[in-house]
Amino acid sequence: MPPPPPATSPAPAAIRLGAPHPYLRTHGTKVARLHLLDWIVLALLVAIDAGLNLIEPFHRFVGEDMMISLRYPLKRNTVPIWAVPVRLHLPPFLDFRKKKTVPDSAMFQFWLLFSVLITAVLTDAIKDGVGRPRPNFFWRCFPDGIPKYNNITRGVICHGDKSVIKEGHKSFPSGHTSWSFAGLGFLSWYLAGKIKAFDRGGHVAKLCIVVLPLLIAAMVGVSRVDDYWHHWQDVFTGGILGRFA
């Protein structure tokens with residue numbers, strides 16, 4: 001008697017790569033229409049901030065005697081500007097894998113964008129209006145280390161790269177710090193609600209999780225002073241602006 005044929009397992013179901021999330025597929029269009037005006041406002045904020053970065057900031061008078069406190073070395077950023085939005089959006093983005101958290105995470109992403117963009121517009125507007133020189137302004141103005149001053153006013157006559165000099169007039173307030181406190185401060189409140197940090201359960205670990213984003217934002221501010229890109233007043237004001245904007 002011939003042996004029975006081997007049992008065959010059912011064919012695996014086809015895997016759909018890149019399929020939209022059920023919530024986004026059923027409610028995405030409705031949500032987009034509901035918040036259409038809000039997205040237009042966000043787009044306007046992006047355009048305004050881009051314009052503020054294109055215009056020339058106020059060139060505050062910088063005299064020879066002022067250069068004593070503006071001769072700090074010109075260093076690279078410890079925290080690059082692209083790292084700020086990445087670390088802000090990553091934690092809630094991971095929640096998109098869970099169906100029940102998609103609406104909550106989507107709204108968080110939206111209001112986080114609004115918080116960061118309105119802070120960016122306020123920060124860059126103040127930067128352009130104040131025009132405070134950075135602590136490393138000397139090396140931006142005189143990259144070869146040979147200073148040149150006006151014979152009458154003793155004001156600086158810069159001969160460095162124009163874009164580098166332009167950035168040198170944007171010390172106050174700190175954009176890295178204001179962005180960090182705006183986004184990470186918002187993230188702190190988001191985490192407090194997600195893990196129910198204030199449920200009177202006495203869980204110290206939950207409070208540590210809530211405080212962690214604020215600590216990271218504070219360390220970003222410290223790095224701006226350590227890199228000689230900002231005075232401490234710039235960082236302090238940027239932190240307040242980002243926290244309460």
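This is a short dialogue on reading the features of a predicted model.

Colleague: Before we start, what are the ground rules for this predicted model?

Modeller: Residues are numbered from 1 along each chain as its sequence is written, and side-chain values use heavy atoms, with hydrogens and water left out. As the model is predicted, local features need pLDDT of at least 70 and side-chain atom pairs count only at pLDDT 80 or more, while totals for chains, interfaces and linings use all residues.

Colleague: Which residues does the UniProt annotation "transmembrane region" cover?

Modeller: The unreviewed UniProt entry gives 36-55, 106-126, 176-192 and 204-222. UniProt positions are given in the numbering used here, with feature names shortened, and annotations may be inferred rather than shown by experiment.

Colleague: How much helix is there over residues 36-55, and how much over residues 204-222?

Modeller: Helices are DSSP runs (H or I, at least four residues), as are strands (E, at least two), numbered from the N terminus. Residues 36-55 are 95% helix and 0% strand, with end C-alpha atoms 29 Å apart. For residues 204-222 the values are 100% helix and 0% strand, and the end C-alpha atoms are 26 Å apart.

Colleague: Now the interior, please. Which residues make up the largest nonpolar core?

Modeller: A nonpolar core is a set of buried Ala, Val, Leu, Ile, Met, Phe, Trp, Tyr and Cys residues joined through side-chain atoms within 4.5 Å. Buried means under 20% relative accessible area, exposed over 50%, and partly exposed in between (1.4 Å probe, protein chains only). Here the largest core has 9 residues: Val62, Met67, Leu70, Phe137, Phe138, Cys141, Phe142, Tyr149 and Ile165. Helix α5 (residues 137-141) supplies the largest share, 3 residues. Another core, of 8 residues, lies apart from it and includes Phe108, Phe181, Leu184 and Tyr190.

Colleague: How do I read the aromatic pairs, and how many are there?

Modeller: A pair of aromatic rings is described by the distance of the centres and the angle of the planes. Rings of Phe, Tyr and Trp (its six-membered ring) pair if their centres lie within 6.5 Å; planes under 30 degrees apart count as stacked, over 60 as edge-to-face and the rest as tilted. This structure holds 5 such pairs. Take Tyr72 and Tyr228: their centres are 5.0 Å apart and their planes at 20 degrees, so the pair is stacked. Tyr72 is in the loop between α2 (36-54) and α3 (83-94), and Tyr228 in the loop between α8 (204-226) and α9 (232-244), so the pair ties together parts 156 residues apart in sequence.

Colleague: And what about Phe138 and Trp139?

Modeller: Their ring centres are also 5.0 Å apart, but the planes are at 80 degrees, so this pair is edge-to-face. Phe138 is buried, at 0% relative accessibility, whereas Trp139 is partly exposed at 32%. Together with Phe142 and Tyr149, these two form one aromatic cluster.

Colleague: Which charge sits over the face of Phe138?

Modeller: A charge sits over a ring if NZ of Lys or CZ of Arg is within 6 Å of the ring centre and within 35 degrees of the ring normal. Arg71 does this for Phe138, at 4.0 Å from the ring centre.

Colleague: Last one: which cysteines does the disulfide join?

Modeller: A disulfide is a covalent bond between the sulfur atoms of two cysteines; the cut-off is a pair of sulfur atoms within 2.5 Å. Here Cys141 is joined to Cys158, S to S 1.9 Å, and the link is left-handed, with -105 degrees about the S-S bond. Cys141 is buried at 0% relative accessibility, while Cys158 is partly exposed at 29%.
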